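Biologist: I am new to this structure. Please show me how to read it.

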Amino acid sequence: MKILLTHCDYIEYEKKKKAIESAEQTDTDKERVEECLVAFCSSEEGDDDSVAEKTADEIKKVAEQVHTKTIVVYPFVHLSSTPAKPAVALAMVIKIAESLKKDYEVHRSPFGWYKSFELKCKGHPLSELSREITSAAQEKIKLVNKEKKEKQDSRGKIILDRRNLTPNDHRILGEELGIFHLSEEVGAGLPLWLPNGETLRNILIQFMRQIEEKYGYRYVSTPHITRGHLYEKTGHLPYYKDSMYAPMDIDGEEYYLKPMNCPHHHMIYNKLVESYRDLPLRLAEPGMTYRNELSGVTYGLIRVRAFTQNDSHIYMTPDQLKEEFLGVLKLFKEVYAIVGIKDYWFRLALPDFKNNPDKYTGDPKEWAHACDEIRDAMKEFSTKFVEEEGEAAFYGPKIDVQIKNSLGKEETIATSQVDIVVPKRLGMFYIDANGDKKTPIIIHRAILGSYERFVAYLLEQTEGKLPVWLSPVQVKILSLTDRNSDAANRFCKLFVEKGIRAEADLRQNTVDYKIRDAEMQKTPYIIVIGDKEEANGTLAVRARGEKPRFGVSVEEFLAKITKEIENKQ
Ligand SMILES: [Zn+2]
């Protein structure tokens, strides 16, 4: 049953013509009702008595809220795409009207007619409401249909339909470059990293580790499941429950797949920190997390159910906040310059205590301090940012890093959030210089966001032409003929020994075919070894997008590529 409720100054309706043979006979053709709640009702397939009862209850609820004593039950088939048979629909409106009659003056517009009507809606916030009322059996059918549809959708996603995708879509490039694979057997939203993809992902992880350790971060590693007990303390249960997977029973207790790494890191804080001298503490982890996404909305590496965050938590005293936040901003800048994220800007999300005071927990004074400190840090860093009131998380202000994706759409690629609420909730503390117990502040931050999303971004931005230092295969060495296989192999081994990711293609295909193949893979360097190269000990080198150079010495090539890798080019 679908209903539309309108609180009116009046409604006037008039019978015009029979819509069905069995149209209801009434004494009057025309009626006007003043000051009333009009309930347009559209009965649907499968409606039963319980639906009539629930519908009457809903109408009563609204009538009470808008303080009216008069109700017009108006059969209106057009709200539904699966209407009930006329006899059933008529029985339903009669039942609803009967049930309402106990407490209200009820008018019923005749059933089965084309009617003209005019009404004047009052226009206040409750004057137009709609409801869908279903029986338990209908709910079940809906659920089954939804699951069926999701299953079909998820299959559709797994088998890549390229027709509507741009050529630089990361799903196409991911397949062509052997980066990731979505297997129906494994499930939607659970990407498998192929060897090339895992190489790329690992380079990024190692790169971040190196740079973060330079900034004083300490790496940790945490398990993928946790007692529900911890998530109750942090407040993730019940508030975050919809994004988490159903619990599993271990030793009679509920455990959850982790939706975030924070609670684990907080427990490490509790172990490591005693006094203010231990602060700031910067913990980092490429931590895999699991979020409940509907299979129908999962998409490549961008909307996934399992992903690895470039995660970190910085614990500090309140007076260290500005300095630590500045450190995060510097890290953003340094990393983005290297990985080639250019046109990004920051969005500072602040609370809106005036219009939405209940959204934010914690002490308003502490909120003001946190907001001032990070705004100061942003100004001192003289970075481009916009402020947005009302966008803060419930536990503190945050900044999002915004970019335009390859389709020109604004997207958040990374975030840094201040947390002044959860440390208190968890009873985290340190002893200050006066020997008093104090609560730390936390910054949650991810510079690259998740490695999955970042790889998608990288593939799309570069159209798959990854810089040399990030390319899973940096050099492809092709034998011109079968005779040259051993020599090609020897060169390949030499490069690998020098730390270069080289692969030999010794297949018996023509060299043109092999070049085309390596070009499809967008390999930065293609080297062909023929008789001449073998005899002279030189290389024929084809840099990506350029014409081949012959007679290049091994030393020259090695010096060039090594320098490019070192300079992260
Ligand atoms: Zn966190």
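Modeller: We will go through domains, cores and one helix pair.
This is a predicted model, in which local features need pLDDT of at least 70, side-chain atom pairs count only at pLDDT 80 or more, and totals for chains, interfaces and linings use all residues. Residues are numbered from 1 along each chain as its sequence is written.

Biologist: Which domains does the chain have?

Modeller: Domain bounds come from an automatic or database domain assignment. Here they are domain 1 (2–134), domain 2 (155–222 + 258–462) and domain 3 (468–566). The C-alpha centres of domain 1 and domain 3 are 78 Å apart.

Biologist: Which residues touch the most other members of the largest nonpolar core?

Modeller: A nonpolar core is a set of buried Ala, Val, Leu, Ile, Met, Phe, Trp, Tyr and Cys residues joined through C-beta atoms within 7 Å. Buried means 20 or more other C-beta atoms within 10 Å of the residue's own, with C-beta atoms placed from the backbone. The largest core has 61 residues, and Y315, F325, I420, I447, L448, F454 and V455 touch the most other members. Helix α12 (residues 451–462) gives the most, 7 residues. A second, separate core has 35 residues, including V51, V73, A84 and V106.

Biologist: How do helix α9 and helix α10 pack?

Modeller: Two packed helices are described by the angle between their axes and the distance between the axes. Helix α9 (residues 321–339) and helix α10 (residues 364–380) pack at about 45 degrees, axes 9 Å apart. So α9 is oblique to α10 (neither under 35, over 145, nor 65 to 115 degrees). Among the contact residues (C-beta atoms within 7 Å) are F325 of α9 and I374 of α10.

Note on methods. Buried ≥ 20, exposed ≤ 12 C-beta atoms within 10 Å, placed from the backbone. Helix = DSSP H or I, 4+ residues; strand = E, 2+ residues; numbered from the N terminus. Axes fitted to C-alpha atoms, helices over the stretch in contact; angles between N-to-C directions. Contact = placed C-beta atoms within 7 Å.
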